[in-house]
Amino acid sequence: MEKTNSSGGLARTKSDQLVETVTAAFKSPTTSTAETVGSADSGGTHSRKSSRQMMAGSPGRAGGAGKNTHIRKSRSAQMKLDLDDVSSGAALSRASSASLGFSFSFTGFTLPPDEIADSKPFSDEDIPEDLEAGKHKPKFQAEPTLPIYLKFTDVSYKIIIKGMRTNEEKDILNGITGSVNPGEVLALMGPSGSGKTSLLNLLGGRLTQSTVGGSITYNDQPFSKFLKSRIGFVTQDDVLFPHLTVKETLTYAALLRLPKALTKEEKEKRAIDVIYELGLERCQDTMIGGSFVRGVSGGERKRVSIGNEILINPSLLFLDEPTSGLDSTTALRTVQMLHDIAEAGKTVVTTIHQPSSRLFHKFDKLVLLGKGSLLYFGKASEALTYFSSIGCCPLIAMNPAEFLLDLANGNTNDVSLPSELEDRVQTGSSDADTRNGKPSPAVVHEYLVEAYESRVAETEKKKLMIPLPLDEELKTKVSSPKRDWGASWWDQYSILFRRGIKERKHDYFSWLRITQVLSTAIILGLLWWQSDSNTPKGLQDQAGLLFFIAVFWGFFPVFTAIFTFPQERAMLSKERAANMYRLSAYFLARTTSDLPLDLVLPVLFLVVVYFMAGLKLSASPFFLTLLTVFLCIVAAQGLGLAIGATLMDLKRATTLASVTVMTFMLAGGFFVNKVPVFISWIRYMSFNYHTYKLLLKVQYKHIPPTINGMRIDSGLTEVGALVAMVFGYRFLAYLSLRRMKLQSGA
């Protein structure tokens, strides 16, 4: 126990020195950077000595896990020393770089230009290689990071399952306690369904429902809006736009998220630096890709997702299973990158499902969950020692992570059992598996929870009750209620507008859609070939064509716009949670960026139909017909946006839109002229009705007063009604998105 306390004290000393150094950098920006680097150099020396003492003082670590971990920390400390020596003019130690193999250069300090110049002449051998990209990666310096200590005590979370008659509560998390400091990587591990992702979302401020209990603090302060700009959150599914390239994805993120103090050129340079830092230079001009679009590999997609978050130099970085779907080598390289990010003074928390033994030894701290309960919290290197102390040891050589997951699942094969559990099986006082005489998973889980609560839990809670020795300035920064936007409203709108056009032009101008519109136009032109409006029969035929145009360009935009917000819901939630832009800027950019794309195909359609059908050959009627169709498209698009944003479910939205469009078509004035008074109000809500009247007005204003039973007037009423629909439907869609944001707590 004395050795454990000693090593814990040394670890805390290392974290305290890191905070003091970074705090000094924040407090005195005019102070010579050489002094800051010098203090970091002395801290690195102390860390290396501490690592050696810890290695010498922990011979009892199970499986050699502790030894390997301390060797890694010692090498990392040695590399820090070597880099500091280079900044003062000394040679870089190649042996240290080779021992690390894969390095990440977020140091957290900015060197003066003369010292940067001294540190530039590296040889090719000094720069670690990115094996997957096949190229060397340059290093770059990052500005100081605001250190954030994360604590969570007795965290609980419940969900309410709504039934037919009654609602049922289900416990997801029960009393989870732990902490992680700057410079550390905390792994949340456990079997599927144990609550790892829920805990990660709670710690990252993504869940704020009333069913959340316990305390989560950042530098001893509760969560605030300011932290959104200091937190990076990488979701398990890579939520990226498939038609944007790697470079475009990171550049747009940099323009939206980096501080206003940086110029556009500096933000773009930061994106390029991250591309090279992550080894993505080979695929920077390749599309991200998706289900139906070929793009980058799975490992490259994951690195793009991580790059999206480390662009802002976050103080806290959360990752949800970053190694899922990756091969062992790529997974190891990804976790090593996270460790190097943490060494720069950042706090890293990640969920991990089934790491290899090499990955497991990269973690500093571990939280082991089982059925929502805490089975272990502490140093990852001491996990096997703890479980050995309660009588659970592997009988054969195995991966430590595999052993821990077996215990969390209640699987006791190849595991020695404590005498207490064996006695329960022999006396038959517990539910046991009679085939092999082993306790059931439920009994094993109960024993592990009781063992942790009786031996470790209270001690850890007392440690977390001790206030952090931080300056009030650091606490005030974290608790600031003010949001820190990376760009002005207009800049957000213009960036999102450009991004929207670049992403969706592939869908709008696909050969399938162009063929659909042009083939319909040609068929209409052939059916109404050079129709004559001088006869009553010809006039009625042309009125049918105009009504079909009104219906087609009312139906088509509705079912295109319905998919807008439901398909982008995951992206919107992710970017809004990261404080990338205001909802109003996104909504306006999203709706206006569709207009240039939506108005190209109607022009092609009308050019074909208008002249083949022999409509009024004059410039004024042609352009007025074009404007009328444009107004109908924008109004119908607003209806689709409102339905999609309100329901956020494609199946229900499509069903509602089908009924609505059919009703508007029937009430459009072509099929029935005399509508009962009690239901006549429907036709005034139909954009088909107003569009049809305007088209008749444009083509036959010289023929009074009614055509096909439709009375022609000045047309101002119809224009006013369509304009009201354009803005009214969009306002309803915006309110629906605002309601969704409030419900999700984004």
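This briefing covers the nonpolar cores, one buried strand and the annotated membrane spans. The model is predicted: local features need pLDDT of at least 70, side-chain atom pairs count only at pLDDT 80 or more, and totals for chains, interfaces and linings use all residues. Residues are numbered from 1 along each chain as its sequence is written, and side-chain values use heavy atoms, without hydrogens and water.

**Nonpolar cores**
- The largest nonpolar core (buried Ala, Val, Leu, Ile, Met, Phe, Trp, Tyr and Cys residues joined through side-chain atoms within 4.5 Å) has 102 residues, and Leu150 and Phe387 have the most contacts inside it.
- Helix α15 (residues 441–465) contributes nine residues to this core, the most of any element; helices are DSSP runs of H or I, at least four residues, and strands are runs of E, at least two, numbered from the N terminus.
- Among the residues that Phe387 touches are Leu368, Phe403 and Leu448, leaving out those up to four places away in sequence; contact means heavy atoms within 4.5 Å.

**Strand β5**
- Five of the five residues of β5 (residues 185–189) are buried, so the strand is largely enclosed by the rest of the structure; buried means under 20% relative accessible area, with a 1.4 Å probe and protein chains only.
- Val185, Ala187 and Met189 lie on one side, Leu186 and Leu188 on the other.
- β5 runs parallel to β9 (residues 347–352), joined by five bridges; pairing requires at least two DSSP bridges.
- Leu186 stands opposite Val349 in β9.

**Annotated spans**
- The unreviewed UniProt entry annotates "transmembrane region" at residues including 623–647 and 719–737; such annotations may be inferred rather than shown by experiment.
- Residues 623–647 are 100% helix, with end C-alpha atoms 36 Å apart.

Technical notes: Buried < 20%, exposed > 50% of the residue type's maximum accessible area, 1.4 Å probe, protein only.
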